[in-house]
Amino acid sequence: MRVSKPIAVHVFVVSPDTRSERRFDLHITVQQLKNKLEVITGIPVQNQSIALYNSENDSEALCGLNDDSRPLGFYGIKDWQVLKITDLNPATSFTGQLSDVSQVEKFELSEGEYAQRQDTVLSYKQRHKIGRFADKDQEETVSVPHLDLPVGARCEVETSEEGFHKRGTVRFVGATKFAKTGLWIGIEYDEPIGKNDGSVQGERYFTCRPSFGVFVRPERVKVGDFPVEDINFDEEEM
């Protein structure tokens with residue numbers, strides 16, 4: 001049986017001000033890719049330098065996409081690799097200024113001045129007895145809501161990308177140390193589109209392969225008969 005080659009790849013696009021997951025047709029040229037990346041990253045086509053990495057943590061690039069006439073497939077790009085876009089002339093496109101707060105004048109208050117103000121979050125919590133200002137009896141009456149999301153159930157996670165189903169298996173339901181309030185659902189995805197291996201900030205909630213685990217809020221999870229489905233890359237993302 002002849003195995004057909006993929007016509008598109010799902011990659012991470014990283015620039016000084018952006019990070020996103022994208023799908024690109026392997027037949028488009030580097031020049032066409034740059035036109036798309038300008039909309040995504042805000043970096044003008046003529047200022048873009050594109051390098052391919054295996055992961056965001058790698059210090060050395062696999063190669064540079066230096067020939068605008070070559071198709072993406074020429075560079076052997078694989079799913080879940082990283083395209084890092086560098087701005088060769090940030091002065092003209094203001095790259096990095098969205099995250100640079102060094103020039104922003106800071107407004108500071110002493111603890112005493114802050115405590116005396118009546119228009120702060122602290123004063124609101126004091127008036128309404130929220131958090132550490134809540135009555136102990138009131139805190140004890142707070143119960144954890146019941147969720148019909150059994151561990152081991154097949155599920156699908158809500159996504160805004162049409163035709164892209166994030167399916168997996170429920171592996172954890174409950175409170176976590178990385179969030180003070182609310183319940184979280186730990187899911188092992190069928191594909192490596194997650195954020196972790198079932199642990200967050202050194203605390204393990206379940207075990208799975210790296211990049212297969214994720215934690216989401218219950219309202220984004222739908223339990224049902226969701227079979228394993230291969231990600232379809234037949235259509236180019238616009």
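Is Trp 80 buried or exposed? At 17% relative accessibility, Trp 80 counts as buried, because the cut-off for that label is under 20% relative accessible area. Keep in mind as we go that this is a predicted model. Trp 80 sits in the loop between strand 4 (63–64) and strand 5, and its backbone deserves a look too: phi is positive, about 70°, although the residue is not a glycine. Most residues other than glycine have a negative phi.

A second residue makes a good companion to this one. Gln 201, again a residue other than glycine, has a positive phi near 55°. Its setting is the loop between strand 9 (199–200) and strand 10 (203–204). With a relative accessible area of 70%, Gln 201 is exposed, whereas Trp 80 is buried.

Let us turn now to the sheet. Five strands make up an open sheet with mixed pairing, and their order is 2-1-5-3-4. Strand 2 and strand 4 are the edge strands, each pairing on one side only. If you follow the sheet to strand 4, you will find that strand 3 and strand 4 run antiparallel and are joined by two bridges. Look there for Leu 52, whose bridge partner in strand 4 is Cys 63. Helix 1 packs on this sheet, where it touches strand 1, strand 2, strand 3 and strand 5, and its direction makes about 100° with that of strand 3.

Helix 1 itself repays a closer look. It has twelve residues, 30–41, which at 1.5 Å a residue should span 16 Å; the end C-alpha atoms lie 15 Å apart, so the two values agree. Which of its residues are buried? They are Val 30, Leu 33, Lys 34, Leu 37, Ile 40 and Thr 41. Seen down the helix axis, these buried residues fall within an arc of 115°, so they line one face of the helix. The cover over them includes strand 1 (8–14), strand 2 (19–25), strand 3 (48–53) and strand 5 (82–87). Just after the helix comes Gly 42, with a positive phi of about 80°.

On the other side of the helix in sequence is Thr 29, in the loop between strand 2 and helix 1. Its relative accessible area is 21%, so Thr 29 is partly exposed. Beyond its neighbours within four places in sequence, Thr 29 is in contact with Asp 68, Ser 69, Arg 70 and Pro 71. Its C-alpha atom is also separated by 5.9 Å from that of Leu 72, a residue 43 places away along the chain.

Leu 72 brings us to the nonpolar interior. The largest nonpolar core has 19 residues, and those touching the most other members are Phe 24, Leu 33, Leu 65, Leu 72, Ile 77 and Leu 83. At least two residues each come from strand 1, helix 1, strand 3 and strand 5, and helix 1 gives the largest share, four residues. What does Leu 33 touch, not counting residues up to four places away in sequence? Its partners are Phe 24, Ile 28, Ile 50, Leu 65, Leu 72 and Leu 83. Apart from this core lies another, of 18 residues, including Cys 155, Phe 164, Ile 187 and Tyr 189.

Key
Residues are numbered from 1 along each chain as its sequence is written. This is a predicted model: local features need pLDDT of at least 70, side-chain atom pairs count only at pLDDT 80 or more; totals for chains, interfaces and linings use all residues. Side-chain values use heavy atoms; hydrogens and water are left out. The expected span of a helix is 1.5 Å times one less than its number of residues. Buried means under 20% relative accessible area, exposed over 50%, partly exposed in between (1.4 Å probe, protein chains only). The arc is that of the directions from the helix axis to the C-beta atoms. Contact means heavy atoms within 4.5 Å. Two strands pair if DSSP finds at least two bridges between them. Axes are lines fitted to C-alpha atoms, for helices over the stretch in contact, and angles run from 0 to 180 degrees between N-to-C directions. A nonpolar core is a set of buried Ala, Val, Leu, Ile, Met, Phe, Trp, Tyr and Cys residues joined through side-chain atoms within 4.5 Å.
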